[in-house]
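Trainee: Could you take me through one part of this model in close detail? I would like to start with the metal site and then move outward.

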Amino acid sequence: MKIRFLMIGGILFGVAVVGATALAMTNEAADRLARDIFKQLIEINTTDSVGSTTVAAEAMAARLHDAGYPASDVQVLGPEPRKGNLVARLRGTGERKPILMICHLDVVEARREDWSMDPFQFIEKDGYFYGRGTGDIKDGDAILVTTMIRLKQEGYQPDRDLILALTAGEESGVANGVDWLIKNHRDLIDAEFILNPDAGDFELEHGKKLLVGIQASEKLYQDYGLKVTNPGGHSSMPGKENAIYELAEGLTRLEHFQFPFELSDVTRAYFAEEANIVGGETGADMKAILKTPPDEGAIARLSAEPFYNGRMRTTCVATMIEGGHAKNALPGMARANLNCRILPGHSPDEVQATLEKVLADPNISLTQRVVPGSGLGTNPLTTLRPDVMGALEKVSAEMWPGVPVVPVMDAGASDGAISRAAGYPTFGIPGVFMDVDDDRSHGRDERIRVSAFYEGVEFYYRLVKALSSGQAAAGRGNGE
Ligand SMILES: [Zn+2]
């Protein structure tokens, strides 16, 4: 028998490790450990300007080593000294393909003078944890590291490898860790599907749990550059050619164009659940668009709401414009940026072909701008996997009976868009309930509820087990 001594939340525990019969960590010990890790992460600055995700990744690697992970299964690697990513693996029996959990370590900039407190000091006050990254998304990092440590220490043997990747560059868009790992170390992170706490919505309103929203699908972000060039000339003698007018006319044609209405099984499931939650005329319209054929009037009414419109079709909108070079010269050039959010199942090339047709002007050139994830492929249609949905519904029903599980498609901003484009089904599951009217991510005095954080610790522990112990297919209502 080997006795290991572990520092957990400042309290010394003696844990007897005997193969697979090691002692399980109590919920209280897990909470203390998670809080300790959370504090440590918040107090390591991981901003793009002066911070380092490498420091945070190394700190988490040290914790995993201390918990018994061999050095060969925990690595810190990245393209630049300050942009390190952690990859760790809990080995399973190999019956099924691994699960990968991704969560970013970097945070948005935070200036001390904008905040009521030091953004890089972890503060617990009035039922909240404060600090930059408490909501986006060091809470997720802390929960996932705690889960990995807890499973290791209880000698848990999953039926598949569990891989954790804590990454750089999600917020700033440079050296994106998910993009980099997929392109350079695919073997290290290859998995059947991915869980990402940094997407989806577990919603609270005035303390009441509204819904457990799983982001099962995401639109693809794609910018297009539009450009018109012509010879220009003296503005005292304007002729027919004018780059500004020509571009403006093209943009006007785009303004009046609407991509077709289209639902996937994810958005169908979303509108079916959302109809019951919002009720009234809007709820009735949501039910009407699910019919075959869908109700055209209902589509038109819901399309008038940008929030719903973006869930029913690809959208493109002009976001920047520039042109000309002097007040007294005909413009030789005019260009604009068109920002598109592409529905799953469609590619940037396909959307470009549609845009060219609508522009109907060969003088307007159209180019795709490169963003992280570019070149990885298209945006595949995600299906609601019964194993993932079954496990989520089971754990959710155990912990929060009566709260509906709602699949959602986001407008596209998370690392999941990159991993999906690379072919990995990716599910955004935060685990932590957030107040719908108190989302301070990227803002001042960022915070999350203490109770929601601890529920997230328990939730992820149960979810990961349900997905790696052959119980996933049990589904709703089947207790252990
Ligand atoms: Zn984030």
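**The zinc site**

Mentor: The zinc ion is held by His104 through NE2, by Asp136 through an OD atom, and by Asp198 through two OD entries, at 1.9 to 2.7 Å. Keep in mind that this is a predicted model. The 4 donor atoms subtend angles of 52 to 130 degrees around the zinc ion, which makes the arrangement irregular. A tetrahedral label would need all angles between 85 and 135 degrees. For four tetrahedral donors, the ideal angle at a metal is 109.5 degrees.

Now look along the sequence. The donor residues follow the spacing H-x31-D-x61-D. His104 and Asp198 lie 94 residues apart, and the pair links distant parts of the chain. His104 belongs to strand β5, residues 99-104. Asp198 sits in the loop between β9 (193-196) and β10 (201-205). Both His104 and Asp198 are buried.

Next, turn to a sheet. It is open, has 4 strands and runs in the order β14-β16-β12-β17, with antiparallel pairing. β14 (315-323) and β17 (365-368) are the edge strands, and each pairs on one side only. On average, neighbouring strands are turned by 25 degrees against each other, direction ignored.

Take β14 and β16 (residues 333-342) in detail. They run antiparallel and are joined by 8 bridges. One bridge partner is Ala334 in β16, which pairs with Gly323. Helix α6 (residues 243-255) packs on this sheet. Helix α6 touches β12 (220-229), β14 and β16, and its direction makes about 20 degrees with that of β16.

Note on methods: Residues are numbered from 1 along each chain as its sequence is written. This is a predicted model: local features need pLDDT of at least 70, side-chain atom pairs count only at pLDDT 80 or more; totals for chains, interfaces and linings use all residues. Side-chain values use heavy atoms; hydrogens and water are left out. Two strands pair if DSSP finds at least two bridges between them. Helices (H or I, at least four residues) and strands (E, at least two) are DSSP runs, numbered from the N terminus. Axes are lines fitted to C-alpha atoms, for helices over the stretch in contact, and angles run from 0 to 180 degrees between N-to-C directions. Contact means heavy atoms within 4.5 Å. Donors are N, O and S atoms within 2.8 Å of the metal (3.2 Å for Na, K and Ca); water is not among the atoms, so sites may look incomplete. Four donors count as tetrahedral if all angles lie between 85 and 135 degrees; four count as square planar and six as octahedral if opposite donors are over 155 degrees apart and all others between 65 and 115; anything else is irregular. Buried means under 20% relative accessible area, exposed over 50%, partly exposed in between (1.4 Å probe, protein chains only).
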